[in-house]
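Open the model in your viewer and keep the selection panel at hand. We will go from one selection to the next and say what is there.

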Amino acid sequence: MTKAVIETINLGKVHFSNFLRKRFQALDQLSLTVASGETFGLLGLNGAGKTTTIKLLLGLLRPTTGEVKVLGHDAGDVRALARIGFLPETPYFYSYLSAYEFLDFSGHLFAMPNKLRKDRSKELLELVGLTDAAKRPIGKFSKGMMQRLGIAQSLLNDPDLIFWDEPTSGLDPIGRRDVRTILHKLKEQGKTIFFNSHLLPDVSEVCDRIGILNRGKLIFQGKVSDITAGGNYLKLEDFFLSSIQEAEANYKKSNNSK
Ligand SMILES: Nc1ncnc2c1ncn2[C@@H]1O[C@H](COP(=O)(O)OP(=O)(O)O)[C@@H](O)[C@H]1O
Ligand SMILES: [Mg+2]
């Protein structure tokens, strides 16, 4: 069996809102394994718990219940983080820096040596199609350009494991195609990729396996090829929508009987 890169057992997260200390179960009993070299897509409607899951895997949030191991370490362990790349849902940039300066600055944070930092920044700007905009301040970038820069930044340390939270959101069709091309390249390099999305054409093209979250519960995990048989994303869409409908019907039934 291939080595597990991500492993969670009964992972759960309750968010407490300050207002009236209301509790909200954002993730419930997630047991998930992602193998080395796999591309895994976590799907779900807005608010399903996808970002919460990524934050737990990165150690940015503490679990309320359950266990999580990433690259053989506890989530958030620096030995794991050194081998991880992360694109947040809403990346934050210093608007007065140029794209190149931002990557160079990020490389400093990874303590990358001078030459490697410069070479890698240039190479990644080329990969995401920002070479011509390298010297422009990020404050003047479109949403799509910022998303491309976020992707470049997530690859700076040549990570073995990549977390991307909605990588193709906000991108035009060419941007989305470029991201899929980058994903294919990373797959060929043997990277393990975990990404959140609700854009099913992108998911059906690049993912080996998917999980579907609904109201914090994993209602399905399995191989994309078992669902789409030949890569027709419409089959995945049908499967996704009927899985959600069924889960919602069960949710309403169990709430009515309470
Ligand atoms: N820090 C927080 N405090 C309270 N509730 C939160 C917090 N973060 C997320 N939530 C809630 O948890 C649920 C799941 O959110 P999230 O993981 O961001 O979903 P997704 O990424 O699938 O859209 C949502 O209902 C959201 O409002
Ligand atoms: Mg999210």
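## First stop: ligand 1

An oxygen atom of ligand 1 lies 3.0 Å from a polar backbone atom of Gly49. This is a predicted model. Keep ligand 1 selected and look at Ala48: a polar backbone atom of Ala48 is 3.1 Å from an oxygen atom of the ligand. Now show the side chain of Thr51. An N or O atom in that side chain is 2.8 Å from an oxygen atom of ligand 1. On its own, ligand 1 has 570 Å² of accessible area, and the protein covers 63% of it.

Which elements give two or more residues to the shell around ligand 1? They are β2 (23-35) and α1. The largest share comes from α1, with 3 residues.

Select the whole shell next: His15, Phe24, Ala26, Leu45, Asn46, Gly47, Ala48, Gly49, Lys50, Thr51 and Thr52. Colour these residues by type. You get 4 nonpolar, 6 polar and 1 charged.

## Second stop: the magnesium ion

Select ligand 2, the magnesium ion. Which residues coordinate the magnesium ion? Thr51 does so through OG1, and Glu89 through OE, at 2.0 to 2.5 Å. Thr51 lies in helix α1 (residues 50-58), while Glu89 lies in the loop between β6 (84-87) and α3 (99-109), so the pair ties together parts that are 38 residues apart in sequence.

Is Thr51 buried or exposed? Its relative accessibility is 19%, and under 20% is the cut-off, so Thr51 counts as buried. Glu89 has a relative accessible area of 37% and is partly exposed.

Thr51 links the two stops. Its side chain has an N or O atom 2.8 Å from an oxygen atom of ligand 1, and its OG1 coordinates the magnesium ion.

## Third stop: helix α1

Select residues 50-58 to see the whole of α1. How many residues of α1 are buried? The count is 8 of 9, so α1 is largely enclosed by the rest of the structure. The buried residues are Lys50, Thr51, Thr52, Thr53, Ile54, Leu56, Leu57 and Leu58. Step past the end of the helix. Gly59 follows α1, and its phi is positive, near 80 degrees.

## Fourth stop: Asn214

Select Asn214 in strand β9 (residues 209-214). At 8% relative accessibility, Asn214 is buried. Leave out residues up to four places away in sequence, and Asn214 touches Ala48, Ile219, Ile244, Ala247 and Glu248. Ala48 is a residue you have met already: it belongs to the shell around ligand 1.

## Fifth stop: two positive phi values

Most residues other than glycine have a negative phi. Here are two with a positive one.

Select Asn10 in strand β1 (residues 4-16). Its phi is near 50 degrees. Asn10 is partly exposed, at 36% relative accessible area.

Move to Gln29 in strand β2. Its phi is near 55 degrees. At 52% relative accessibility, Gln29 counts as exposed.

## Last stop: Pro159 and Arg83

Select Pro159 in the loop between α5 (143-154) and β7 (161-165). Is Pro159 buried or exposed? Pro159 is buried, at 1% relative accessibility. Run a distance from its C-alpha to that of Arg148: 17 Å, for residues 11 apart in sequence.

Which residues does Pro159 contact, leaving aside its neighbours within four places in sequence? They are Arg83, Ile84, Gly85, Ser154 and Lys191.

Jump to Arg83. It sits in the loop between α2 (78-81) and β6. Arg83 is partly exposed, at 36% relative accessibility. Its contacts, not counting residues up to four places away in sequence, are Leu71, Asn157, Pro159, Asp160 and Leu161. Show the side chains of Arg83 and Asp160: they make a polar contact at 2.7 Å. Finish with Phe93. Its C-alpha is 22 Å from that of Arg83, and the two residues are 10 apart in sequence.

Key:
Residues numbered from 1 in each chain as written. Chains lettered and ligands numbered in written order. Predicted model: local features only at pLDDT ≥ 70, side-chain atom pairs only at ≥ 80, totals over all residues. Heavy atoms only, no water. Helix = DSSP H or I, 4+ residues; strand = E, 2+ residues; numbered from the N terminus. Buried < 20%, exposed > 50% of the residue type's maximum accessible area, 1.4 Å probe, protein only. Contact = heavy atoms within 4.5 Å. Donors = N, O, S within 2.8 Å, 3.2 Å for Na, K, Ca; no water. Near = heavy atom within 4 Å. Polar contact = N/O pair within 3.5 Å; in protein donor to acceptor, adjacent residues only side chain to side chain. Areas by Shrake-Rupley, 256 points an atom, 1.4 Å probe, with all protein chains shown as cover. Nonpolar A, V, L, I, M, F, W, Y, C, P; charged D, E, K, R; others polar.
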